[in-house]
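Subject: Structure handover

Hello,

Here is the structure for you to look over. My notes follow below it.

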Amino acid sequence: MHNVRKITDDLYWVGGDEHRLHLFENVHPIPRGVSYNSYLLLDKKTVLFDTVDWAIGRQFIENIKYVLKDRNLDYMVINHMEPDHAAMIEEIIMHYPDVRIISTEKSFYFMNQFGFHIDPEKCETVVEGDTKSFGKHKILFVAAPMVHWPEAMVSFDLTNGVLFSADAFGSFGSLDGKLFNDEVNFDRDWINDARRYYTNIVGKYGPHVQSLLKKASGIDIKIICPLHGPVWRNNFEYLLDKYNRWSKYIPEEKGVMIVYASMYGNTENAASVLATKLVEKGMSNVHMYDVSKVHVSELISETFRYSHIVLASVTYNLGIYPPMHNYLMDMKALNVQKRTIAVVENGSWACKVGSLMVQTLEEMKNMNVLNEKVTLTSSMTEDNHLEMDSLVDAILDSMKDK
């Protein structure tokens, strides 16, 4: 049975929720599910903006048929060719064989790579600044390369101010009937999923997001329709501020995240002592994460959130403890920068992990690694308390406005 919602005059959401999938892109846990958003415009010509994943294909086709009634589908705009948004292209063509497809040159190239069989005569290639009228609605096409694939674009309805933003401004989490941002408490219930989505999916491409934000500032946006998560129809300042910070790698909060790797509890104990000392000296925005238990996508999200990171790790096979190494590699791959880092190292006979973590951090951009560190030999001693006090003072001093 169909399940659609009206967004504004002539425009309908025809997507759906996916609750059964455990891992987005087969890597990121999504305990709250995810939505696949698609939008259908009814004008003199009918226009479908993007499709959905195969997982909700039946629901998707039912939604489209319900909204179109006896009308044909004239156009399909593909803003982003990733399969969770473009998987249903051939099914749409099967149901509506006369449909014409609008997308970028690279997007059509990707369609061929994915094995989609599309008549070239039914393809219309657009570039930055092109417009097309479908009746009273006129659509402007804006290139958005590397947000987060190279073929991506966004489409802006010059008539009603709707921005079809592709993967920009999206979020993990199923909608469960609540389509619009003002139908949920976004800052309470959605911001963590939105941050985790951005930082892990788009985070590497901050400069490209900044380029898109500059373009968006020049148009009068009334509604933002992303491919995942809620549709935004107000409070744009909140959303744009988050994206501006994330894409510039500016921390949201002044706080300390302590990421620890502990085999037998001794390094965890040191992390707890450090947290206690920080709180006793007035820094209560302190959060501890066991790198072996907290998924790396969560760690990356929190890394974008907080200003200061403490890496506390045991040495393992004369190297970095594997889950900690994985976290550092993700930090590097996702272009994390502009953070102050402190190191707590542990080793029973050859303590190498501290120098190896610092070496990895020095390969990243704009990382401030504090000179003060704590070195444990198996477990904490009274002497380590003095080192810990010095480290706490260094962290707090680095937080002061210079």
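Start with Glu298 and Arg196. Their side chains form a salt bridge, with the closest N and O atoms 3.5 Å apart. Keep in mind that this is a predicted model.

Domains

The domain assignment gives two parts: domain 1 covers 5-248 and domain 2 covers 257-399. Their C-alpha centres lie 39 Å apart. How many residues of domain 1 are in contact with domain 2? The count is 13, and they meet 13 residues of domain 2. The area buried between the two domains is about 1,100 Å². Carbon and sulfur atoms give 51% of that area. Two salt bridges are counted between domain 1 and domain 2.

UniProt has an entry on this chain too. The unreviewed entry lists residues 256-396 as "domain: Flavodoxin-like". In the model, that span is 44% helix and 28% strand. The C-alpha atoms at its two ends lie 10 Å apart.

Salt bridges

The whole structure holds 24 salt bridges. One of them joins the side chains of Asp10 and Lys136, at 3.1 Å from N to O. Asp10 sits in the loop between strand S1 (5-8) and strand S2 (11-13), and Lys136 in the loop between S12 and S13, so the pair ties together parts that are 126 residues apart in sequence.

The seven-stranded sheet

Seven strands make an open sheet. The order is S1-S2-S7-S8-S9-S10-S11, and the pairing is mixed. S1 and strand S11 (123-125) are at the edges with a single partner strand each, so one side of each has no neighbour in the sheet. From one strand to the next, the twist averages 25°.

Look inside this sheet at strand S8 (residues 46-49) and strand S9 (residues 75-77). They pair in the parallel sense over three bridges. Val47 has Tyr75 in S9 as its bridge partner. Helix H1 (residues 57-68) packs on the sheet and touches S2, strand S7 (39-42) and S8. The direction of H1 makes about 15° with that of S7. Helix H4 (residues 105-113) lies across strand S10 (100-103) and S11. H4 runs at about 120° to S10.

The five-stranded sheet

Another open sheet has five strands, in the order S12-S13-S14-S15-S16. Its pairing is mixed. Which strands are at the edges? They are strand S12 (131-133) and strand S16 (223-225), each pairing on one side only. The twist in this sheet averages 20° from one strand to the next.

S12 and strand S13 (residues 138-143) run antiparallel and are joined by three bridges. Lys132 stands opposite Ile139 in S13, and Ser133 stands opposite Lys138. The two strands form a hairpin with four residues between them. Gly135 is in the turn, with a positive phi of about 135°. S13 also pairs with S14, in the antiparallel sense, over five bridges. There, Val142 has Val154 in S14 as its bridge partner.

Backbone points to check

Two spots deserve a look. First, the background: most residues other than glycine have a negative phi, and most peptide bonds are trans.

The peptide bond from Val147 to His148 is cis, with omega near 5°. His148 lies in the loop between S13 and strand S14 (153-157).

Asp176 has a positive phi, near 50°, and is not a glycine. Asp176 is found in the loop between strand S15 (162-164) and helix H5 (186-189).

Best wishes

Key: Residues numbered from 1 in each chain as written. Predicted model: local features only at pLDDT ≥ 70, side-chain atom pairs only at ≥ 80, totals over all residues. Heavy atoms only, no water. Pairing = 2+ DSSP bridges. Axes fitted to C-alpha atoms, helices over the stretch in contact; angles between N-to-C directions. UniProt positions renumbered as here; feature names shortened; annotations may be inferred. Domains from an automatic or database assignment. Contact = heavy atoms within 4.5 Å. Buried area = accessible area lost by both parts, 1.4 Å probe. Salt bridge = Lys/Arg side-chain N within 4 Å of Asp/Glu carboxyl O.
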